[in-house]
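Biologist: I should like to go through this model with you, beginning with a single residue and ending with the contact between the chains. Please show the structure before we start.

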Amino acid sequence: MISLEKRPQPSRAWSLATPLVAVLATMVFGGLLFAMLGKPPIEAIRTIFWDPLFGEFAFYYRPQLLVKGAPLVLIAIGLSLGFKAGIWNIGAEGQYIIGAIVGAAVGLAFYPYEAWYIFPLMVISGALGGWAWAMIPAVLKVRFGTNEILVSLMLVYVAEQLLASASLRFLKNPEGFGFPGSRNLQDYPSAFNADLIAGSGMHWGVVAALIAVIFAYVLLNRHMLGFHIRLTGEAPRAARFAGVNPSRLILLCLGMSGALAGLAGLFEVSGPAGQISIDFNVGYGFTAIIVAFLGRLHPIGIMLAGGLMALTYIGGDIAQSNLGLPSAAIQVFQGMLLFFLLALDLLTNYRITLHKPEVA
Amino acid sequence: MDLSAINPVLLIASLMVAATPILLAAIGELVVEKAGVLNLGVEGMMIIGAIGGFAITVETGSPWLGFIASAACGAVFSLLFVLLTQVAQANQVASGLALTLFGLGLSALLGQSYVGIKPPQMGKLEIPFLSDLPVIGPILFGHDPILYIGIALTAGVWALLKYSRVGLVLRAVGENHDAAHALGYKVVRIRILAIMFGGACAGLGGAYISLIRVPQWTEGMTAGVGWIALALVVFSSWKPWRALLGAYLFGGITVVQLNLQAAGVAIPVEYLAMSPYVITIIVLVILSADKSSAPAALGRNFHASR
């Protein structure tokens with residue numbers, strides 16, 4: 001007989017080991033999946049995890065790691081604060097879009113005037129845009145008790161429609177020959193989020209992501225608010241007795257994650273993407289959920305997980321062009337990872353014991 | 001703008017078609033939540049049902065087989081959720097999200113070779129005389145069989161929950177799993193069956209979109225219907241007939257905004273297209289004041305300690 005016994009304390013060793021085991025399990029099952037699709041499994045896994053870092057063209061892919069990892073880490077750090085407290089913002093994709101639209105709109109309002117303060121203004125307005133979009137589910141939850149999961153998710157679809165409207169109408173490039181999409185911010189020096197060191201992939205978004213990691217680490221470990229967040233997640237009743245104000249926590253957690261997602265959107269639109277277009281968003285807001293869990297909701301873990309996830313994006317692209325691996329396969333791969341992670345958490349919280357069936 | 005082009009009879013008939021996928025998924029989720037389980041993977045199970053049903057229909061040429069397969073696909077896929085929440089005791093919110101993310105990816109992968117194919121159509125239920133009646137005919141008697149199955153399912157679930165012993169046990173498990181366990185009911189087994197029922201219903205709803213409503217396969221075609229169904233369960237206060245009412249309301253909004261788009265109203269298309277989502281939020285706000293009818297053990301895992 002196998003039975004589960006709840007551990008008095010979650011196992012620290014397993015809590016660190018499960019992400020690694022989950023990645024390994026995903027590689028094995030992902031390999032099986034690729035084999036079923038008729039692709040060489042070992043080569044596919046190597047293409048995804050090895051080639052972007054150490055392959056022949058790694059000099060090109062390594063900067064991409066920062067470009068793709070930064071938005072994931074920025075968003076996931078914000079999400080993790082809420083997830084820790086049991087506040088589920090799953091509409092980061094929407095906040096990302098709104099941050100990009102608002103930030104780009106502010107930048108484009110100044111076009112073609114050049115000034116040093118335009119980009120900082122865009123950064124602030126991008127963060128505010130994402131914050132405001134996250135405030136909708138936050139205020140509705142505090143005021144009316146509305147479920148934040150459903151509202152924040154619904155707002156993703158609303159944001160996608162606004163994005164379409166922005167690129168077809170109110171932010172459309174007047175000199176774009178009728179094509180959808182805004183002016184390209186890469187051609188507008190005051191608004192362009194260029195690489196800080198040319199060709200390194202290190203733009204302001206990467207800096208912001210690093211600051212966010214440090215900020216979250218300090219907040220969670222050294223600050224009263226961080227303690228309240230953890231307390232609310234682990235023992236809601238104790239938190240209430242300790243005088244934690246749940247409304248304030250909801251507003252803060254959703255607000256912070258919205259602002260960070262908005263920032264990620266702004267850095268993306270003003271840098272790597274360059275313009276507002278209908279297909280501007282690529283699902284970072286949803287992948288960041290996986291990143292947050294893979295990083296065990298811990299800032300340092302999230303940074304590492306963001307890097308790994310960025311790797312699967314880049315490696316997936318390479319595998320797509322070299323091996324003809326369908327792009328959806330990478331999505332399955334990422335979904336699988338979250339699956340194994342959640343399943344293996346069993347080992348962190350429970351002890352598996354074998355014992356002989358008792359004789360009645 | 002030409003509003004006179006909108007035919008109210010056709011509008012109501014197409015409203016019922018638009019409402020059916022939401023209704024099917026919502027009825028399934030209602031049963032799951034009555035058993036005390038919050039499965040946020042509805043969207044994922046729907047899209048798996050959509051591609052599963054579509055593929056089988058195209059391969060066999062039989063929409064009936066396709067629908068049966070879609071229910072089976074949904075139920076099997078929901079077993080992943082069972083594995084996570086009932087066996088591995090994982091957080092239900094996170095597991096539901098995982099199911100949705102995984103389902104969206106998997107369906108895109110499976111559906112690659114089915115893009116752009118037109119599936120064989122399911123015949124409409126033609127009842128001699130009744131279907132030819134003016135106004136009532138097309139509204140009540142001119143639909144495909146699955147639409148009626150959806151309504152029958154609503155009635156069935158209502159009767160089951162209200163009058164049967166099975167329904168009583170299910171509700172007990174959802175209200176207080178410790179008490180139900182103490183009475184000797186197999187909490188986990190009952191929940192697993194409820195989750196699988198929810199998966200089958202969501203699968204049917206997904207296949208209804210890909211086989212009847214649209215009908216063709218495109219990536220991510222459920223476009224949030226699963227999430228609207230989740231909102232609908234809250235809207236309905238966990239009562240089947242109110243879920244039907246809500247589904248028709250949402251179906252109505254979808255159809256009206258599509259008709260307004262076609263009629264060329266002076267509102268940009270994007271703002272019309274976002275209206276179902278905005279209205280879902282508004283309805284959620286109005287109704288979420290009353291939480292008293294929610295199953296008490298909703299979203300809490302059960303682990304029997306010896």
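Biologist: Leaving aside its neighbours within four places in sequence, which residues is A:Ile75 in contact with?
Modeller: This is a predicted model, and contact here requires C-beta atoms within 7 Å. Once the neighbours within four places in sequence are left aside, the residues in contact with A:Ile75 are A:Ala92, A:Tyr96, A:Leu260, A:Ala261, A:Ala264, A:Tyr284, A:Gly285 and A:Ala288.

Biologist: Which helix gives the largest share of the largest nonpolar core?
Modeller: The largest nonpolar core has 215 residues, and those with the most contacts inside it include A:Ile75 and B:Leu232. The largest share of this core, 16 residues, is given by a helix of chain B, namely α9 (residues 187-213).

Biologist: Which element gives the largest share of the side of chain B that touches chain A?
Modeller: In the contact between the chains, 39 residues of chain B meet 40 residues of chain A. Elements giving two or more residues to this side of chain B include α3 (63-87), α4 (92-110) and α10 (225-235). Twelve residues, the largest share, come from α4(B).

Biologist: At what angle do α7 of chain A and α10(B) pack?
Modeller: A:Leu150, A:Leu153 and A:Met154 of α7(A) make the contact with B:Trp227, B:Leu230 and B:Ala231 of α10(B). By class, that contact has six nonpolar, no polar and no charged residues. The crossing is left-handed. With the axes 10 Å apart, the two helices pack at an angle of about 145°.

Note on methods. Residues are numbered from 1 along each chain as its sequence is written. Chains are lettered from A and ligands numbered from 1 in the order in which they are written. This is a predicted model: local features need pLDDT of at least 70, side-chain atom pairs count only at pLDDT 80 or more; totals for chains, interfaces and linings use all residues. Two residues are in contact if their C-beta atoms, placed from the backbone, lie within 7 Å. Helices (H or I, at least four residues) and strands (E, at least two) are DSSP runs, numbered from the N terminus. A nonpolar core is a set of buried Ala, Val, Leu, Ile, Met, Phe, Trp, Tyr and Cys residues joined through C-beta atoms within 7 Å. A residue is buried if 20 or more other C-beta atoms lie within 10 Å of its own, exposed if 12 or fewer, and partly exposed in between; C-beta atoms are placed from the backbone. Axes are lines fitted to C-alpha atoms, for helices over the stretch in contact, and angles run from 0 to 180 degrees between N-to-C directions. A crossing is left-handed if the near helix is turned anticlockwise from the far one by less than a right angle, and right-handed if clockwise. Ala, Val, Leu, Ile, Met, Phe, Trp, Tyr, Cys and Pro count as nonpolar, Asp, Glu, Lys and Arg as charged, and the others, Gly among them, as polar.
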